[in-house]
Amino acid sequence: MSSSETIVSGEDPKGDGEGIIHVFWEEGMLKHETGRGVFDTGTDPGFLDVLENHPENSDRVKNMVSILKRGPIAPFLSWHQGTPALLSQLLSFHTQEYINELVEADKSEGKIMCAGTFLNPGSWDAALLAAGTTLSAMKHILDGNGKITYALVRPPGHHAQPTRADGYCFLNNAGLAVELALTSGVNRVAVIDIDVHYGNGTAEGFYRSDRVLTISLHMNHGSWGPSHPQNGTVDELGEGEGFGYNLNIPLPNGSGDRGYAHAMTELVVPAIQKFEPEMMVLVVGQDSSAVS
C-alpha cells in the first residue's frame, strides 16, 4: 500500500530549497477508521480472542510521523499543513459519476467499495485531506518554493482508478498531483511507484498519455478481481499516444535490495533519461520495505 508521494522538480527558481525536504501532513487523516478483524476483511469469525488491525491503519502512519519528527533526518525537514481538496479538483483525474458515488456513500454512513476497502464515517473527509495535502505539496514546488516535497498521506491512492476504488484507495493522490502539474505548464512528468502491489490506478489514469511516464516496481501478482483488472505485466505498455509510456517491472518474490538496485540501474534510470521529465513523482509503498 502506498502512503506517501515525493515530488521532485528539476529546478529550484528561488534557490532556497537546497538540502530541505518540505513535508506536508495533516492529522485529520488519522480519522479514517479501517476497523479490526481477520487481516483486511473487517469481520469477526467469532472464535478469536484478539482481532487484527486492518493493514492500512492509523498507527503505522503515526509511527512514520514520529520517525520524521524525532529521527536522524528531522533537522532537514520543513513541516507544512495540508488542506482538503475541493470536489472540482478531483475531476481532473476521476469521473463525476465516481465522485458522486463516494459522496453518496459518505452521506449513507459508509460503504464497502470493494474487498478490504471500507469507506466509513470520517473516511471521506480523510480522503479529501489526503488528496488536498498532496496537491498542496505539488503546488509548493510549482510556486517555486523548493525542489523536493513529501506528502505523507492516508488513505493511500495508487490503486484508485478514474472510475473506481481499489486496494484501500479512494482517490488517486499522485494522479491528481500529476494533473495539476500538467495543467500548470509542466510538459512531462515521470511517476515511479515502488510497492508490493502494482500502481494500477495511476497507470490506468495516464495509459493513453505521452506526457506522463508511469513506472511501477511490484510483486508479480496479476489481477485480483473486478476492482483490479490490470495484471501489471511487462506487456501492459499503454495505448494510443501513450503506447510505450507505461513500464511495468514485476519482481520475483523475495527480491531484496540488490534486486531493486538492479531494476533501478538497468531499467528505471535509462527510461527516465530517455523521457527527460521536468518533474518526478515518487509513490512510496511501505509494504515493499517490510517484505523485500
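Buried, as used here, means under 20% relative accessible area, exposed means over 50%, and partly exposed is anything in between, with a 1.4 Å probe and protein chains only as cover. By that rule Arg-60 counts as buried, because its relative accessibility is 17%.

A word on ground rules. This is a predicted model, where local features need pLDDT of at least 70, side-chain atom pairs count only at pLDDT 80 or more, and totals for chains, interfaces and linings use all residues. Numbering runs from 1 along each chain as its sequence is written, and side-chain values use heavy atoms, with hydrogens and water left out.

**The whole thing**

The protein has eight helices and 12 strands; these are DSSP runs numbered from the N terminus, with helices (H or I) of at least four residues and strands (E) of at least two. Its radius of gyration, taken over C-alpha atoms, is 18 Å, which agrees with the value near 19 Å for a compact globule of 292 residues; the globule rule is 2.2 Å times the number of residues to the power 0.38. Along the principal axes, the C-alpha trace spans about 55 × 40 × 40 Å. Of the 292 residues, 51% count as buried. The exposed surface comes to about 13300 Å², with carbon and sulfur atoms supplying 54% of it (Shrake-Rupley areas, 1.4 Å probe). Contacts (heavy atoms within 4.5 Å) reach far along the chain: among those between residues at least 6 apart in sequence, 75% join residues at least 24 apart.

**Strand E2 and its neighbours**

Strand E2 covers residues 21-25, and four of its five residues are buried. Two strands pair if DSSP finds at least two bridges between them, and E2 pairs with both E5 and E8. Here's how that looks:

| Partner of E2 | Sense | Bridges | Facing residues |
|---|---|---|---|
| E5 (residues 77-81) | parallel | five | His-22 and Ser-78 |
| E8 (residues 148-152) | parallel | three | Val-23 and Tyr-150 |

**Around Asn-57**

Asn-57 sits in the loop between strand E4 (52-53) and helix H1 (58-70). Is Asn-57 buried or exposed? It counts as buried, because its relative accessibility is 15%. Its side chain makes polar contacts, meaning pairs of N or O atoms within 3.5 Å; within protein, one atom must be able to donate a hydrogen and the other to accept it, and residues adjacent in sequence count only if both atoms are side-chain atoms. A polar atom of the Asn-57 side chain lies 2.7 Å from the backbone oxygen of His-54, and the side chain also reaches the backbone nitrogen of Arg-60 at 3.4 Å. Leaving aside residues up to four places away in sequence, Asn-57 touches Thr-34 and Arg-154.

Arg-60 itself lies in helix H1. From Arg-60 to Ile-148 the C-alpha distance is 23 Å, with their positions 88 residues apart in sequence.

**An aromatic pair**

Searching the whole structure turns up two aromatic pairs. In one of them, the ring centres of Tyr-245 and Phe-275 are 6.0 Å apart and the planes stand at 70°, so the pair is edge-to-face. Tyr-245 is in the loop between strand E10 (212-219) and strand E11 (246-251), while Phe-275 is in helix H7 (residues 257-275), 30 residues away. For reference, rings of Phe, Tyr and Trp (its six-membered ring) pair if their centres lie within 6.5 Å; planes under 30 degrees apart count as stacked, over 60 as edge-to-face and the rest as tilted. Tyr-245 is partly exposed at 28% relative accessible area, whereas Phe-275 is buried at 10%.
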